[in-house]
Amino acid sequence: MDSLERSTIRSEQKSRKFLKSLITKQPQDLLLVIGTGVSAAVAPGIPALCSWRSCIEAVIEVAEQLEVLHPGDVAEFCKEVIKDRDLLVVAHDLIRKMSPRTGDTKPNFFQDCLMEVFDNLEQHIQNPVVLQSVLRLMERGTMVLTTNYDNLLEIFGHQQGKPMESLDLKDKDKVLQWARGHINYGVLHIHGLYTDPCGMVLDPSGYKDVTQDPEVMEVIQNLYQTKSFLFLGCGETLRDQIFQALSLYTVKNKVDLEHYMLVLKENEDHFFKLQADMLLHGIKVVSYGDCFKQFLEYVQDLTTQICKHRSPGTSCMDSAKRKLRENGTDSPKRIEQSDNGISTIE
């Protein structure tokens with residue numbers, strides 16, 4: 001992209017109007033749902049991050065290179081992916097082919113393939129702008145949930161000195177702590193994480209397992225009713241079985257909720273139909289532009305708009321400082337705001 005094109009896009013972004021109902025939200029009232037579009041934008045050099053299909057294709061390719069899958073099986077799985085079969089079923093069959101013949105789906109060679117596919121993620125971060133925006137919101141109390149298997153956000157956060165923590169639905173205690181706001185830099189992976197293949201949800205039975213705990217389901221459904229979800233890069237998320245179980249088909253009175261989804265507007269008819277359909281789920285669909293390149297700058301500008309508004313904690317801090325000045329107190333003590341928004345004096 002040349003300088004003129006960048007300048008044009010930037011100019012378009014600056015003139016774009018944002019929904020007042022979104023930019024006036026307090027960061028602590030938001031919950032980000034991060035999809036493959038974010039990973040694809042951050043690390044475009046890794047095709048496996050672009051979609052679920054791309055991930056399966058990458059695993060098959062690596063399995064062939066490592067010679068852990070019979071050539072006949074490689075050809076058959078490639079056909080299955082092209083046929084547009086249920087990708088969950090394909091993934092399930094693929095795991096079984098590379099696992100011990102015991103009926104147990106615990107990954108064996110499959111784990112090696114995943115580690116190869118996602119090798120050296122930190123070296124592939126090319127566009128960290130959206131990750132910086134996410135961290136900026138997390139610093140102010142925004143929660144984060146993702147459907148992605150990668151840990152790009154956690155890697156980048158650690159590089160910035162943040163105490164990032166990866167969570168999955170099978171760790172009930174951690175999930176409950178996160179849902180109650182006790183893990184400030186926690187990222188909930190509802191499908192699991194590639195670094196722990198045994199905990200990844202890659203087949204239909206796995207989807208059933210992680211949605212069986214009523215307490216976990218209840219706290220996350222409560223978040224869907226009390227927070228405003230902001231979907232970033234989530235083209236297929238609303239079709240996801242786990243997400244549907246956690247929110248879409250279980251929470252009542254969805255039309256009364258207020259969630260947001262940023263999407264690419266490639267086709268106007270499709271876009272406005274999606275807007276109308278999603279309002280039934282309490283989701284306002286917003287276009288970030290008609291070009292994927294606009295996504296990063298839109299998220300950055302949106303984050304700036306949201307962070308402009310003072311949080312209640314900041315107002316309290318300013319009020320305390322003002323009272324000290326009015327009383328003529330010349331104190332070396334410092335008033336600081338903690339992560340939970342409570343002002344403390346040191």
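Okay, one bit of vocabulary before anything else: when I say helix or strand, I mean a DSSP run, at least four residues for a helix and at least two for a strand, numbered from the N terminus. And keep in mind that this is a predicted model.

With that, let's go to Lys25. You'll find Lys25 in the loop that runs between helix H2, residues 20-23, and strand S1, residues 30-34. So is Lys25 buried or exposed? Its relative accessibility is 16%, and the cut-off for buried is under 20%, so Lys25 counts as buried. Who does this lysine touch, leaving aside residues up to four places away in sequence? The list is Leu30, Ser228, Glu258, Tyr260 and Ile306. Ser228 comes up again, since its side chain and the side chain of Lys25 are joined by a polar contact of 3.4 Å.

Let me zoom out for a second. The protein has 346 residues, and 47% of them count as buried. In secondary structure we've got 16 helices and nine strands. If you take the contacts with a separation of 6 or more, 71% of them are between residues 24 or more positions apart.

Next, a pair of helices. H5 is residues 71-82 and H6 is residues 87-97; their axes come within 11 Å and cross at roughly 170°. Anything over 145 degrees counts as roughly antiparallel, so that's what we call H5 relative to H6. On the H5 side, the contact is made by Asp73, Phe77, Glu80 and Val81, and on the H6 side by Val90, Asp93, Leu94 and Lys97. What kinds of residues are those? Four are nonpolar, four are charged, and none are polar.

Now over to Gln160, in the loop between helix H9, residues 152-159, and strand S3, residues 165-168. Gln160 comes out at 44% relative accessibility, so it counts as partly exposed. Along the chain, Gln160 and Gln132 are 28 residues apart, and their C-alpha atoms are separated by 9.2 Å.

Last stop, helix H14, residues 268-279. Here's a little sanity check: twelve residues at 1.5 Å a residue should span 16 Å. The C-alpha atoms at the two ends are 17 Å apart, so that agrees. And have a look at the start of H14, where a side-chain oxygen of Asn267 reaches to within 3.0 Å of the backbone nitrogen of Asp269.

That's my tour, so over to you for questions.

Conventions
Residues are numbered from 1 along each chain as its sequence is written. This is a predicted model: local features need pLDDT of at least 70, side-chain atom pairs count only at pLDDT 80 or more; totals for chains, interfaces and linings use all residues. Side-chain values use heavy atoms; hydrogens and water are left out. The expected span of a helix is 1.5 Å times one less than its number of residues. A polar contact is a pair of N or O atoms within 3.5 Å; within protein, one must be able to donate a hydrogen and the other to accept it, and residues adjacent in sequence count only if both atoms are side-chain atoms. Buried means under 20% relative accessible area, exposed over 50%, partly exposed in between (1.4 Å probe, protein chains only). Contact means heavy atoms within 4.5 Å. Axes are lines fitted to C-alpha atoms, for helices over the stretch in contact, and angles run from 0 to 180 degrees between N-to-C directions. Angles under 35 degrees count as roughly parallel, over 145 as roughly antiparallel, 65 to 115 as roughly perpendicular and the rest as oblique. Ala, Val, Leu, Ile, Met, Phe, Trp, Tyr, Cys and Pro count as nonpolar, Asp, Glu, Lys and Arg as charged, and the others, Gly among them, as polar.
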